[in-house]
Amino acid sequence: EISNSKIINIPGNEDVRGALSFVQKDILPFDVKRVYYIYNIPENVTRGGHAHIEQNEFLIALKGSFNVEICDVHGNKKLFTLNKPNEGLLIPKMIWRELTNFKADSICLVLASNIYIEEDYIRDYDGFMNFK
Ligand code: TYD
């Protein structure tokens with residue numbers, strides 16, 4: 001449900017030596033089975049452009065800034081800007097997402113509830129809106 005998509009603050013520590021953030025299972029509604037990251041992203045590209053049938057994800061802008069536009073099968077939309085390493089966006093299953101407006105040298109870290117399974121992807125928007 002798109003109402004379950006939200007920004008989650010990531011706890012951590014900051015002192016004169018710098019900042020440290022930690023994501024452990026108490027702040028996420030799923031167990032992490034995979035970590036991947038997107039980087040070397042040219043300006044003006046769109047990443048994402050898909051939904052997952054079962055997988056939940058948690059996205060963090062480790063560096064830089066980008067927008068995440070999400071949409072559910074009813075056409076409800078939300079727009080988030082991720083630009084802080086100490087917060088992340090929870091995207092539940094069955095939510096279409098597009099990542100846009102990447103600032104130069106941005107890095108998007110993704111914590112995922114499952115390993116990579118292409119059959120879990122819906123990559124066609126019309127197919128997503130008509131998914132039964
Ligand atoms: P893609 O789904 O286009 O990336 P994004 O949605 O983040 O923009 O993935 C690019 C390619 O990488 C695609 O062929 C699938 C492959 N891939 C894997 O093999 N394993 C993974 O964990 C991920 C995320 C993608």
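Two residues are in contact if their C-beta atoms, placed from the backbone, lie within 7 Å. This criterion underlies the contacts named in the legends below, which describe a predicted model.

**Figure 1. Leu59 and the largest nonpolar core.** Leaving aside neighbours within four places in sequence, Leu59 is in contact with Val68, Leu82, Gly88, Leu89, Ile91, Cys108 and Val110. The largest nonpolar core has 18 residues, and those that touch the most other members are Leu59, Phe66, Val68 and Leu82. Two or more residues of this core come from each of E6, E7, E9, strand E10 (96–100) and strand E11 (107–112). With four residues, E6 gives the most to the core. In soluble globular proteins, nonpolar side chains tend to be buried together.

**Figure 2. The region annotated as a domain.** UniProt, in an unreviewed entry, places the feature "domain: Sugar 3,4-ketoisomerase QdtA cupin" at residues 4–131. Strand makes up 47% of this span and helix 4%. The C-alpha atoms at the two ends of residues 4–131 lie 19 Å apart.

**Figure 3. Strand E9 and its pairing with E1 and E6.** Strand E9 (residues 87–91) pairs with strand E1 (residues 6–9) in the antiparallel sense, over four bridges. Within this pairing, Glu87 in E9 stands opposite Asn9. Strand E6 (residues 57–63) also runs antiparallel to E9, and four bridges join the two. Here Leu90 in E9 stands opposite Phe58. Strands of a sheet pair through backbone hydrogen bonds, either parallel or antiparallel.

**Figure 4. An open sheet of five strands.** The strands of this open sheet follow the order E8-E7-E10-E5-E12, and their pairing is antiparallel. Strand E8 (77–82) and strand E12 (121–122) are the edge strands, as each pairs on one side only. At the E12 edge, two bridges link E12 to E5 in the antiparallel sense. Ile122 in E12 is the bridge partner of Ala51.

**Figure 5. The residues around the ligand.** The ligand is surrounded by Tyr36, Ile38, Arg47, Gly48, His50 and Tyr116. Strand E4 (34–38) and strand E5 (47–52) are the elements that give two or more residues to this shell. The largest share, three residues, comes from E5. Classified by residue type, the shell has three nonpolar, two polar and one charged residues.

**Figure 6. Gly64 in the loop between E6 and E7.** Gly64 lies in the loop that joins E6 and strand E7 (66–71). A residue is buried if 20 or more other C-beta atoms lie within 10 Å of its own, and exposed if 12 or fewer do. Gly64 has 17 such neighbours within 10 Å and is therefore partly exposed. Not counting residues up to four places away in sequence, Gly64 touches Phe102, Lys103, Asp105, Ser106 and Ile107. The C-alpha atoms of Gly64 and Leu82 are 8.3 Å apart in space, although the two residues are 18 residues apart in sequence.

**Figure 7. Two loop residues with positive phi.** Asn44 is found in the loop between E4 and E5. Although Asn44 is not a glycine, its phi is positive, at about 70°. Asn44 counts as exposed because it has 8 C-beta neighbours inside 10 Å. Asp105 is placed in the loop between E10 and E11. Asp105, which is not a glycine, has a positive phi of about 65°. With 10 other C-beta atoms within 10 Å, Asp105 is exposed. Asp105 is also one of the residues that Gly64 touches.

**Figure 8. Phe30 in the loop between E3 and E4.** Phe30 belongs to the loop between strand E3 (18–21) and E4. Is Phe30 partly exposed or buried? Phe30 has 17 other C-beta atoms within 10 Å, so this residue is partly exposed. Apart from neighbours within four places in sequence, Phe30 is in contact with Asn56 and Ser113. Phe30 and Leu111 are 81 residues apart in sequence, yet 9.7 Å apart in space from C-alpha to C-alpha.

Key:
Residues numbered from 1 in each chain as written. Predicted model: local features only at pLDDT ≥ 70, side-chain atom pairs only at ≥ 80, totals over all residues. UniProt positions renumbered as here; feature names shortened; annotations may be inferred. Pairing = 2+ DSSP bridges. Core = buried A, V, L, I, M, F, W, Y, C linked by C-beta atoms within 7 Å. Near = placed C-beta within 6 Å. Nonpolar A, V, L, I, M, F, W, Y, C, P; charged D, E, K, R; others polar.
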